[in-house]
Amino acid sequence: MRISVIGGGYVGLVSSICFAELGHLVSLVEIDPEKVESINLGKPLIYEKGLKQLLSIHAGRNLHARQNYDAIPASDLSFICVGTPQGDDGYADLSMIRSACRSLGQSLKDNDDYHVVVVKSTVPPGTTEDLVMPSILEYSGREPGEIGFAINPEFLREGLAVQDFMNPDRIVIGSNEKRPGDLVESVYHGLAAPIIRTGLKSAEMIKYASNAFLATKISFSNEIGNVCKRLGIDVYEVMKGVGLDHRINPYFLNAGIGFGGSCFPKDVSALIHLADRVGVTPVLLRSVMDVNEQQPLKIVEILLKSVKDIKGKRVAVLGLAFKNDTDDVRESRAIPVIKELVGRGALVAAYDPKANASMREILPEIEYCKSASQALTDADACLVLTEWPEFGDLNKEFELMRSRVIIDGRRVLSCRDAEGICW
Ligand SMILES: NC(=O)c1ccc[n+]([C@@H]2O[C@H](COP(=O)([O-])OP(=O)(O)OC[C@H]3O[C@@H](n4cnc5c(N)ncnc54)[C@H](O)[C@@H]3O)[C@@H](O)[C@H]2O)c1
């Protein structure tokens, strides 16, 4: 099939490459010229396992990136993958969706072929019906029925995005009519996953409910972990025993410094605002966010028990990305931790295998190191904030520290004398 993808960020780029891998002809529309150039050269600007290899196979063959919308009319479907960040009021900022719909609608103006517009971005329930459909119909001047509408939320995990896209647990397709839903379903032909067909709003809500539930599991584990820490109990032993119950499952029960990333914090926040708007008090969701706000600072509290005055002390921070296997630092829990350390006058020496450059854009004032050893040299304390497997191999590197205060925020270290944030 001929597919257009609007937005070449994490979701748009991964989707484009995987659609190409599934045999489709893909045209990627991205407003950032640097991203367009890098994609066409087969050199992605983001790090994601397996992405570069697949891009080098498909770039310039069945995947082309452009800054304009010229290829849209010749496509059968367009997938909207632009960002929906958190707005100032906490609700989803839909301005990029609006602008993409305007351009997409205009590009479909002088065209008679049937076309399906698919929203892959995470949008609050009602967005496709109340914003996307009227906007596309207005700017294209076409009649309802000439353009089909669908929502196909994406559930990939950053770091494992290609693997998740090609091996999804389920494919959710919401549509206003049968025909657009059938077309979206045919795009995924060959993937062995259950397909859930729903109406537009249900598909939009499935994405929010899924992310909110996973975030709830993490905050729940963290709260249990905080209690366990006071009682001298290992929360990882506890959660192993809890997670083997098939009604619960072992995933997302790892206690630590909390969740970050471009999805959970903003999606839970949007759901809280949506609940408020419709007159429901989101007691549970607010608590999930409260725990997540407080959790990263607990590692600083533990540090202050060992190093009372951290002013002028060198603190090695290992891990900046919001999780391992990515260079994404959006809402990373390392940000509030580092800000707290800097606010108390500590000298932060940070190292991340992939995310030094992206964190430097947010926090330019700290020292960035080329290796864990460099960060640990002469350090008065060490905080581990991302679960990079390579940190698990650190051992003799800790001997480079001036004083051996090591606190693990992710249960990744193997050395015995590290203190856990909630174990
Ligand atoms: N990142 C994830 O892990 C993930 C997972 C599932 C769902 N989502 C959702 O997918 C959506 C995209 O997320 P992302 O992380 O890929 O965002 P992103 O910010 O990495 O990428 C969005 C891209 O869209 C481009 N863009 C913006 N307006 C445009 C326009 N009018 N025309 C063409 N390109 C335009 C931007 O330049 C940017 O490159 C969001 O709604 C997000 O919530 C993200």
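Me: How many residues surround the ligand, and which are the closest?

Reply: Keep in mind that this is a predicted model. Here 28 residues surround the ligand, and the closest are E30, K35, Y69, T84 and K266.

Me: What sort of residues make up that shell: nonpolar, polar or charged?

Reply: It's a mix: 12 are nonpolar, nine polar and seven charged.

Me: And which helices supply at least two residues of the shell?

Reply: Look at helix 1 (10–21) and helix 4 (95–107), as each of them does. Helix 4 gives the most, with three residues.

Me: Where should I look for polar contacts with the ligand?

Reply: Look for pairs of N or O atoms within 3.5 Å. Try T84: an N or O atom in its side chain sits 2.5 Å from an oxygen atom of the ligand. In Y69, a side-chain N or O atom is 2.8 Å from a nitrogen atom of the ligand. Then there's R330, with a polar side-chain atom 3.1 Å from a ligand oxygen.

Me: How much of the ligand's accessible area does the protein cover?

Reply: On its own the ligand has 830 Å² of accessible area, and the protein covers 91% of that.

Me: Now the helices. What describes two packed helices?

Reply: You give the angle between their axes and the distance between those axes. Take helix 8 (residues 200–231) and helix 11 (residues 283–306): they pack at about 45°, with axes 9 Å apart. Angles from 35 to 65 degrees fall outside the parallel and perpendicular classes, so helix 8 is oblique to helix 11.

Me: Is the crossing left-handed or right-handed?

Reply: Helix 8 passes helix 11 in a left-handed crossing.

How values were computed
Residues are numbered from 1 along each chain as its sequence is written. This is a predicted model: local features need pLDDT of at least 70, side-chain atom pairs count only at pLDDT 80 or more; totals for chains, interfaces and linings use all residues. Side-chain values use heavy atoms; hydrogens and water are left out. A residue is near a molecule or strand if one of its heavy atoms lies within 4 Å of it. A polar contact is a pair of N or O atoms within 3.5 Å; within protein, one must be able to donate a hydrogen and the other to accept it, and residues adjacent in sequence count only if both atoms are side-chain atoms. Accessible areas come from the Shrake-Rupley method with a 1.4 Å probe; for residues, only the protein chains shown count as cover. Helices (H or I, at least four residues) and strands (E, at least two) are DSSP runs, numbered from the N terminus. Ala, Val, Leu, Ile, Met, Phe, Trp, Tyr, Cys and Pro count as nonpolar, Asp, Glu, Lys and Arg as charged, and the others, Gly among them, as polar. Axes are lines fitted to C-alpha atoms, for helices over the stretch in contact, and angles run from 0 to 180 degrees between N-to-C directions. Angles under 35 degrees count as roughly parallel, over 145 as roughly antiparallel, 65 to 115 as roughly perpendicular and the rest as oblique. A crossing is left-handed if the near helix is turned anticlockwise from the far one by less than a right angle, and right-handed if clockwise.
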